[in-house]
Amino acid sequence: MQAKAIVSVVSVVGLALGGTACGESGGARGGAATATPVDNTTIPQGRRGGSVRVLAAGDVDYLDPGQTYYSFGFMVAYAVNRALYTYKPGDVDTPTPDLASGPPQISADRRTITVRLRPGVRYSPPASREVTAHDVEYAIERTFSRAVPSSYAALYFGDLVGAPQAPAARVPDIPGVDATDDRTLVLRLRAPTAPLVSAALALPITMPVPREYAAPFDARNPSTYDQHVAFTGPYMVAADASGKITGRRPGRSIDIVRNPNWHAATDFRPAHLDSITVEEGASDAGVASRRILAGDGLLQGDGPPPAELVRSAVQRTPDQIRFTPGGSYRMMSMNTTIPPLDDLNVRKAIIAVFDRRAMLLTRGGALVGAVATHFLPPGFPGFEEAGGMAGPDVDYLRNPSGNLALAQSYMRRAGFAEGHYDGDRELLMVGSNADPGRRAAEVAQAQLAKLGFKVKLRLAPQETLYTRFCNVPDANVAFCPNVSFFKDFNDPQSLLDLVFNGKNILPVNNSNWSELDVPEINRAMAKAATIPRGSARNAAWGAIDRMIVEQAGAVPWAWDTTPLIASKDVQAVANEYTTSWDLAYTSLR
């Protein structure tokens, strides 16, 4: 979230209150370069003051914490807001209580969660008052309204007593979310799913929203709170006296300044920098990356450096590049509702012909990941149960470089006698307008051409790719060639449910890009969601991973490791939680 899809990366609060991001790295072609993994066991002491610029190809998806679900959105969100729980750099196992004063208390029957909030956290002007548990209650409730569409509220919080089964016309009063006093939040559930719900308490959905201030904005559809956010973090996006955000010029820049109402005594973040400017429109990843590596005060934003610069940086400026494991997969989605992609054999043919090695090379090859054979990544719960590195035993995924003859045989099974598509339909593919996403789209288009598909390739800024195209079923996008999904927490459900469960197909902010809706898979997910953490749960979700592969709704082509670059004068600190630089820990040398 990239995708997440958006791309989101959040580890566990609840399923043992922790998680571990896993991935692979290795030598570049020729063996001359090696990847340096993130090492945050000792975070360097930063210098107070100064400013940095973040070079980004596009914009964040939303500043509204109830709607953001994109990894670049998370990078900004966790600098300007505070959730109940947050991961420090290096915290891959246990999140730190942030707004909360301690870990969530789960009842013996796993149907009640109690969280106590710390005092002294205040909103930015003009709200300015102290945050209370009532604000977190409202923050969760508003995501069940049509005005504030959330990609994951129903999935992780749908068991709250009284939670609506479909988005409500207005912000609902959900009995299962109850601020019993200013410092106590109680969540009551219809099912014994407290460990799963507790895991989601580190997501932006728990960033507080003051009802009396936000309600007029939420009364509109869509909500306009995105332009009037009351911030709680050490930083805020610049705003006028009324709270209207003036520091965001979509597609151009975001001006992040210090929050005058932030008190260091209530927070663990050092917040060294005085200000941060996000400079958008850096769609040429090569130019942007060279600026960062040769310049001063610059950080990478939403786009990774091109493959050749990744290899060069590892060899020439190794202190300016780091790799953080993603706990994620990267894929080309195929919209199973659009002919001829509604035919299972056609989808198997596309996977069979696909050169997944060539796709991985667009991002840097073995330095930035491994060729995927299914969806759960190496080292993740359920990975071995899904088939490990070899993956499920299906012929259309055996050859990572593709098998044209096999693909043609599947096309003939689909009724195309010559082994290739002979229809007139032009299929829409939407890719990123910046490398390496642009290159990935071009490679994907070439793979489809091998089978005669007529593909209209449209390139768009990364955030637009999601918010206007891939995440909107009515846009009728047939292929999204470079979508990725990062764990919400260290459990296989967080990687599979939102993307492949038919019940999670939404009119907007949709992460089920393939619109896969297979009753057998939906039922298996509902059953697996109730299994306690452990080997039985891993086996169940591993089996679901295999079922998804058998439905061929997407081409899994990479398990990610994310490269991050910074200028030589920036003491950049990576956060495995967001797989990005952590703005609240980064400083100038």
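# Exercises on a predicted model

Ser 128 is found in the loop between strand 5 and helix 2. The structure is a predicted model, and each exercise below takes up one part of it.

**Exercise 1.** Describe the backbone and the exposure of Ser 128.

Solution. Start with the backbone: phi of Ser 128 is near 65°, which is a positive value in a residue other than glycine. For comparison, most residues other than glycine have a negative phi. Next take the surface. Ser 128 has 24% relative accessibility, so this residue counts as partly exposed; the class begins where buried ends, at 20%.

**Exercise 2.** Treat Ala 271 in the same way: give its place, its phi and its exposure.

Solution. First, Ala 271 sits in the loop between strand 10 (253-258) and strand 11 (275-279). Second, its phi is near 50°, again positive in a residue that is not glycine. Third, the relative accessible area of Ala 271 is 0%, so the residue is buried.

**Exercise 3.** Find the cis peptide bonds that lead into Pro 126 and Pro 436, and place both prolines in the chain.

Solution. Begin with Pro 126. A cis bond joins Pro 125 to Pro 126, with omega about 5°. Pro 126 belongs to the loop between strand 5 (112-116) and helix 2. Now turn to Pro 436. The bond from Asp 435 to Pro 436 is cis, and omega is near 5°. Pro 436 lies in the loop between strand 16 (426-432) and helix 11 (437-449). As background, most peptide bonds are trans.

**Exercise 4.** Which cysteines form a disulfide, and what is its handedness?

Solution. Step one is the distance: the sulfur atoms of Cys 470 and Cys 480 are 2.1 Å apart, and the cut-off for a disulfide is 2.5 Å. The pair is therefore joined by a disulfide. Step two is the count, which comes to one disulfide. Step three is the torsion about the S-S bond of Cys 470 and Cys 480: the value is about -115°, so the disulfide is left-handed. Step four is the location. Cys 470 is in helix 12 (residues 462-470) and Cys 480 in strand 18 (residues 479-486), 10 residues apart. Both Cys 470 and Cys 480 are buried.

**Exercise 5.** Work out the strand order of the open four-stranded sheet, then say what lies across strand 6 and strand 7.

Solution. The order is 4-5-7-6, and the pairing is antiparallel. Strand 4 (105-106) and strand 6 (177-181) are the edge strands, since each pairs on one side only. Strand 6 and strand 7 (residues 184-188) run antiparallel and are joined by four bridges. Asp 178, for example, has Val 186 in strand 7 as its bridge partner. Across strand 6 and strand 7 lies helix 2 (residues 133-142), which runs at about 170° to strand 6.

**Exercise 6.** Describe how helix 13 packs against helix 14.

Solution. Take the geometry to begin with. Helix 13 (residues 493-500) and helix 14 (residues 519-528) pack at about 145°, and their axes are 11 Å apart. The crossing is left-handed. Then list the residues: Leu 496, Asp 497 and Phe 500 in helix 13 meet Ile 521, Asn 522 and Met 525 in helix 14. Sorted by class, this contact has four nonpolar residues, one polar and one charged.

Terms used:
Residues are numbered from 1 along each chain as its sequence is written. This is a predicted model: local features need pLDDT of at least 70, side-chain atom pairs count only at pLDDT 80 or more; totals for chains, interfaces and linings use all residues. Side-chain values use heavy atoms; hydrogens and water are left out. Helices (H or I, at least four residues) and strands (E, at least two) are DSSP runs, numbered from the N terminus. Buried means under 20% relative accessible area, exposed over 50%, partly exposed in between (1.4 Å probe, protein chains only). Two strands pair if DSSP finds at least two bridges between them. Contact means heavy atoms within 4.5 Å. Axes are lines fitted to C-alpha atoms, for helices over the stretch in contact, and angles run from 0 to 180 degrees between N-to-C directions. A crossing is left-handed if the near helix is turned anticlockwise from the far one by less than a right angle, and right-handed if clockwise. Ala, Val, Leu, Ile, Met, Phe, Trp, Tyr, Cys and Pro count as nonpolar, Asp, Glu, Lys and Arg as charged, and the others, Gly among them, as polar.
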